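Work through these exercises with the structure open beside you. Try each task before you read its solution.

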Amino acid sequence: MPPYRYSLNSINRITNIVNNTVVGEAENDDLAQRVQEMMQDSVTLETQVRQHRQVDTFLLFATKRGLGPEDVSPPTEQLVCEFAVSFAGKVAGATARTYVSAVKKWVIRRGLPWKGGPCLDQVLKGVNRHTPDTSIQEERSPVKVEHLRILLQDRDGDEGFRCCRNAAAVILFFGQMRAIEALPHSSDINSYPRSLPRVQDLAESNANGTRILQLPKTKTQQVRGEKVVITSNGTEVDPVRALRKHLVTNGLGPEDPLFAFRNKDGGLEVLSRSAFLKSCNKTWKTHGVPRITGHCFRIGGTTHFLLAGVSPDVVKALGRWKSDAFLRYWRNLDQLATIHVGDQAEHIVRIR
């Protein structure tokens, strides 16, 4: 780690330009500290950790070039361009851009001017064009309904765990959820995050059997959270039925984590993301299903509804998609074109 990584505290004083005749020095220092805290809290803890590592990479780059604190406070556009160029031909252009973005946020947090401009933009475009073939990832395969059927028909392991896993799988799929929105990193119930749902966040079924799950916090809604609509479909992979079976089998109370299960000793354990994915992939592997990641459930649910003929606008609303990133995750576009365009092809051709 560069020797000056944490020796730039004096730079924070730049954000502290307040009239001392109006605000006392002690309060002035506190406000400056609060500015730093609020800027840092604008992103999740996971993002903070990742950005710190990316900034460390930049500072190490500067150190190897014989540069000191005064040379990176703030860094020149030329230096940042050279840092970006160091990624050319090694990683994807998008990766290089995230590193530069982390450096930019690091500079701004210290009240310093960011000097990146048109030159840096051109360099990043060039780096992107030199993305090596090894960095181009294949599209992640979406989870499909037949995959869910395999899980629900599986009889391996304890019933409590299976019911919990199955409920999580169908809810993530039909609720178009990110795994990180429902499942924690750790299985320790005492460290269960307040940002994840508990049983009490699940509303009772309405007349149509639909249930609403209130997520306390999501990737895009850190304060109010978001609502997930869980509809009954009357099939063997009915999410409402799977959820009800899970809650009864594991005897969960209102304050218990939504996806927790009883172990062999009757104790309560939380279903972690790693345990969930490991179990799913173990079951699917015997059926030739490619390895699945947590985001594949969200992608799969979105694609499923589109293939079923549900309006893209409705799917977007149900999936809580906030931007056109929604379009990037569509799969089976050839089939979607037939459903949403093919039926109106004759009408479209007649338009003059």
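**Exercise 1. Two helices that cross**

Decide how α7 and α10 are oriented relative to each other: parallel, antiparallel, perpendicular or oblique. The model is predicted.

Solution.
- Step 1. Two packed helices are described by the angle between their axes and the distance between the axes.
- Step 2. Take the values for this pair. The angle between α7 and α10 is about 55°, and their axes are 7 Å apart.
- Step 3. Compare with the cut-offs. Under 35 degrees counts as roughly parallel, and 65 to 115 as roughly perpendicular. The angle of about 55° fits neither range, so α7 and α10 are oblique to each other.
- Step 4. Find the residues that touch. From α7 come A169, L172, F173 and F174. From α10 come F297, R298, G300, G301, H304 and F305.
- Step 5. Sort the residues of this contact by class. Six are nonpolar, three are polar and one is charged.

**Exercise 2. A second pair**

Do the same for α6 and α9: what are the angle and the axis distance, and which residues meet?

Solution.
- Step 1. α6 and α9 pack at about 100°. Their axes lie 10 Å apart.
- Step 2. Angles of 65 to 115 degrees count as roughly perpendicular, so α6 and α9 fall in that class.
- Step 3. On the α6 side, the residues are H147, I150 and L151. They meet C280, T283 and W284 of α9.
- Step 4. By class, this contact holds four nonpolar and two polar residues, with no charged residue.

**Exercise 3. Check a helix length**

Test whether the length of α9 agrees with 1.5 Å a residue.

Solution.
- Step 1. Helix α9 covers residues 273-285, which is 13 residues.
- Step 2. The expected span is 1.5 Å times one less than the number of residues, so α9 should span 18 Å.
- Step 3. The C-alpha atoms at its ends are 18 Å apart, which agrees.
- Step 4. Now look at what α9 hides. Its buried residues are R273, F276, S279, C280, N281, T283 and W284. They pack against α2, α6, α7 and α10.
- Step 5. Focus on R273, which lies in α9. Beyond its neighbours within four places in sequence, R273 is in contact with E46, A179, I180, L183, P184 and H185.
- Step 6. Add a distance. R273 and T293 are 20 residues apart in sequence, and their C-alpha atoms are 9.7 Å apart in space.

**Exercise 4. A histidine**

Is H246 buried or exposed, and what does its side chain reach?

Solution.
- Step 1. Locate H246 in helix α8, residues 239-249.
- Step 2. Its relative accessible area is 0%. Buried means under 20%, so H246 is buried.
- Step 3. The side chain of H246 reaches the backbone oxygen of L258 at 2.7 Å.
- Step 4. List its contacts, leaving aside neighbours within four places in sequence. They are C163, C164, A167, L252, L258, F259 and A260.

**Exercise 5. Unusual backbone**

Which peptide bond is cis, and what are the phi values of Q176 and R320?

Solution.
- Step 1. Recall the background. Most residues other than glycine have a negative phi, and most peptide bonds are trans.
- Step 2. The bond from S73 to P74 is cis, with omega near 0°. S73 lies in the loop between α2 and α3, and P74 is placed in that loop too.
- Step 3. Look at S73 itself. With a relative accessible area of 23%, S73 is partly exposed. Its side chain reaches the backbone oxygen of P69 at 2.5 Å. S73 and V107 are 34 residues apart along the chain, yet their C-alpha atoms are separated by 7.5 Å.
- Step 4. Q176 has a positive phi, near 50°. Q176 sits in the loop between α7 and β1 and is buried at 1% relative accessibility.
- Step 5. R320 also has a positive phi, about 55°. R320 lies in the loop between α11 and α12, and it is buried with a relative accessible area of 6%.

**Exercise 6. The whole chain**

How many helices and strands does the protein chain have, and what share of its residues is buried?

Solution.
- Step 1. The protein chain has 14 helices and four strands.
- Step 2. Of its 352 residues, 41% are buried.
- Step 3. Take contacts between residues at least 6 apart in sequence. Of these, 63% join residues at least 24 apart.

Terms used. Residues are numbered from 1 along each chain as its sequence is written. This is a predicted model: local features need pLDDT of at least 70, side-chain atom pairs count only at pLDDT 80 or more; totals for chains, interfaces and linings use all residues. Side-chain values use heavy atoms; hydrogens and water are left out. Helices (H or I, at least four residues) and strands (E, at least two) are DSSP runs, numbered from the N terminus. Buried means under 20% relative accessible area, exposed over 50%, partly exposed in between (1.4 Å probe, protein chains only). Contact means heavy atoms within 4.5 Å. A polar contact is a pair of N or O atoms within 3.5 Å; within protein, one must be able to donate a hydrogen and the other to accept it, and residues adjacent in sequence count only if both atoms are side-chain atoms. Axes are lines fitted to C-alpha atoms, for helices over the stretch in contact, and angles run from 0 to 180 degrees between N-to-C directions. Angles under 35 degrees count as roughly parallel, over 145 as roughly antiparallel, 65 to 115 as roughly perpendicular and the rest as oblique. Ala, Val, Leu, Ile, Met, Phe, Trp, Tyr, Cys and Pro count as nonpolar, Asp, Glu, Lys and Arg as charged, and the others, Gly among them, as polar.
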